[in-house]
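Biologist: I'm new to reading protein models, and I keep tripping over the words people use. Could we go through this one, with me asking what each label rests on?

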Amino acid sequence: MSVCPYYGRGENFCDVGADYISPHDVEAISHYCSGRYSECEKFQELVARHPEELNHQPAAARFRTDQPAAAEERKTAQVKIAFRNKWPLPYRLRYLSANNHSIEAQREEKVVMSQKTSNARGWTVVLAGTGINLALGVLYAYSMLKGEIGKLFDGAGDPYATACLAFALSMIIGGKMQDKVGPRLTAILGGILVGAGFIICSQTSSYWGWIVGFGLVAGTGFGFGYSAATPPALKWFSSAKTGLIAGIVVAGFGIAPVYLAPIAKSLLASYGLQQTMMYLGIAFVVVVCGMAMLVANPPAGFVPAEAAAKKGAPAAKKVAVEDKTPSQMLKDGRFYTCWLTYFIGAGAGLMVIGSIAGLAKQSMGEMAFIAVCVMSVGNASGRVVAGVLSDKIGRAATLTIMLVFQAALMFAAIPVVTGEGSSAVLVTLLASFIGFNYGTNLSLFPSFAKDYWGSANYGMNYGILFSAWGVGAFVLVKLSAFLSAKFGGMSTSFTVAGVMLLVGAMMALTLRPKKAAVEATETVTAEEEDLVLQNAQD
């Protein structure tokens, strides 16, 4: 059942369904609502309360059947004055009926205004989500802190690995929280946890202190903040812009090391590791919580406007996406294909990105942060480019291309990483391209989640899918370290990553949408038509 568009827009718009309604108002509604919105569920509730006045709908029938010309005239009548919302309902209804005013023009104007407002609001949410990710992207700048952390204890990479795992697991909880209480509180909680984790690290030099502070507390904050940035932004826009919006928002996370790497380098040189963590923690609380105030889901029942088709282009066919619960998603075979492909694409990228950073330090020394920055630019660019491209040619086709390209880069990188005194230019280019391809995963799979399972439970659904990133980071980074220790050098890690990426590309081919079956039609010639007519006459 539908609801009249004026119900619920304010206490002065419609009295239907109110706790108290006067008999005079009931009579006015019987002449108005029953004739135009007789299927309104709120009107049906009023019918149940006042059956003697409303069940028969006398005025409505007369209005629709006895006066079609007047109805058509009212429909096309030009509105001369504004629709005054503060007038009492009975007065408004009598005035409109007496002056033959149609509410269609006001409704159309209000729809246009709401579309402009929603578009501006949507881009505000996109920019706020990008700002949140710009702060949370300190996770990718961990390599700039790793050298100083290694002076405190052995196993300096363990807090980072723990943070990645906590990040992925907390995305499920954060996504559920985002769906239930909204993204604003979720992002604020994430900012507080990240700041608290950094402040804990500023007060300790122990291995377990950093595991708890950076690994568990800050890692959980990363998950809560990240889960509150992308889902609300996607909900404000149509499916035609899913890839673009996802790419822009997550690009903030990828490009963050461009400004965080030099800031961290400067703070370390001036204040040392402990004070650096303190300053960063306070800054993240302020930035993330401030940006969170601008993040919000669209109102209930909001339907984003479809992108206008270009002149002369055929209209795109709208495909309704059924909103799936997490349990329904887990019964879909495409989820497991996406999960394994995400595991391979993200994990294979992460297992060599750390090696590239180490190789950059060998060939570039103190200027290694330049390679980190260039790789971050490639990372962010890959997210935006893949998002836009997937809107044009499809998610599965884009994912397949990117996985094959990244596999080719892995094999091409083997002589670079095994050669003595590798060129700094080659290392930087390699870092940027590998970062580019790795970043494509972070915009394609959020888009897959919305395309396949809808937006109602998007936060938790993508949180579950995102666990592939965390597991891939934890497992394959450890595998890379094991292979490097066993065989020496990084060539084996690159070879394994390349093979895995080719397997992932083959799996991505199965995600291509199936072509709709074309119904067969039998051609009937003129002679056959004559024969049919003759047989019918006989």
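Modeller: Sure, and let's start with the word helix: here it means a DSSP run of H or I with at least four residues, numbered from the N terminus. Keep in mind that this is a predicted model.

Biologist: How many helices and strands are there, then?

Modeller: The protein has 22 helices and zero strands.

Biologist: What comes right after helix α9?

Modeller: Gly 182 follows α9, and its phi is positive, near 100 degrees. As for α9 itself, residues 158-181, its 24 residues reach 33 Å from the first C-alpha to the last, close to the 34 Å expected at 1.5 Å a residue.

Biologist: Where does α9 bend?

Modeller: At Met 171, by about 30 degrees. Helix α11 has a kink of about 30 degrees too, centred on Ala 218. The 21 residues of α11, 207-227, reach 28 Å, close to the 30 Å expected.

Biologist: What makes α11 mostly covered?

Modeller: Count the buried ones: 16 of the 21 residues in α11. In the protein, buried residues make up 48% of the 538 residues.

Biologist: Why is Gly 349 called buried?

Modeller: The cut-off is under 20% relative accessible area. Gly 349 has 0%, so it counts as buried. You'll find Gly 349 in helix α16, residues 333-364. Leaving out residues up to four places away in sequence, Gly 349 touches Ile 344, Gln 406, Met 410 and Tyr 438. Its C-alpha is also 9.2 Å from that of Leu 476, though the two are 127 residues apart in sequence.

Biologist: And why does Ser 443 count as buried?

Modeller: Same test: its relative accessibility is 0%, so Ser 443 counts as buried. Ser 443 sits in helix α19, residues 424-453. Among the residues it touches are Ala 246, Gly 247, Arg 383 and Gly 387.

Biologist: What makes Met 490 buried?

Modeller: Its relative accessible area is 16%, and the limit is under 20%, so Met 490 is buried. Met 490 lies in the loop between α20 and α21. Its C-alpha is 6.8 Å from that of Val 417, 73 residues away along the chain.

Biologist: What share of contacts joins residues at least 24 apart?

Modeller: It's 83% of the contacts in the protein between residues at least 6 apart in sequence.

Biologist: How do you know that α14 isn't straight?

Modeller: Compare two numbers for α14, residues 257-292. Its end C-alpha atoms are only 21 Å apart, short of the 52 Å that a straight helix of 36 residues would reach. At Tyr 271, α14 bends by about 120 degrees.

Biologist: Why are α13 and α14 called roughly parallel?

Modeller: Angles under 35 degrees count as roughly parallel. Helices α13 and α14 pack at an angle of about 25 degrees, with their axes 7 Å apart. They are therefore roughly parallel to each other. Phe 253, Gly 254 and Ile 255 of α13 make the contact with Pro 257, Val 258 and Tyr 259 of α14.

Biologist: Then why are α10 and α14 called roughly antiparallel?

Modeller: For that word, the angle has to be over 145 degrees. The axes of α10, residues 183-202, and α14 cross at roughly 175 degrees and come within 7 Å. That pair is therefore roughly antiparallel. The contact includes Gly 191, Phe 198 and Cys 201 of α10, and Met 278, Gly 281 and Cys 289 of α14.

Biologist: Cysteines catch my eye. How many disulfides are there?

Modeller: The rule asks for a pair of cysteine sulfur atoms within 2.5 Å. By that rule the count is zero disulfides.

Biologist: Are those two cysteines, Cys 201 and Cys 289, buried or exposed?

Modeller: Set both against the limit of under 20%. Cys 201 has a relative accessible area of 0%, so it is buried. Cys 289 comes out at 16%, so it counts as buried as well.

Notes: Residues numbered from 1 in each chain as written. Predicted model: local features only at pLDDT ≥ 70, side-chain atom pairs only at ≥ 80, totals over all residues. Heavy atoms only, no water. Buried < 20%, exposed > 50% of the residue type's maximum accessible area, 1.4 Å probe, protein only. Expected span 1.5 Å × (residues − 1). Bend = angle between axes of the 7 residues up to and from the residue. Contact = heavy atoms within 4.5 Å. Axes fitted to C-alpha atoms, helices over the stretch in contact; angles between N-to-C directions. Parallel < 35°, antiparallel > 145°, perpendicular 65-115°, else oblique.
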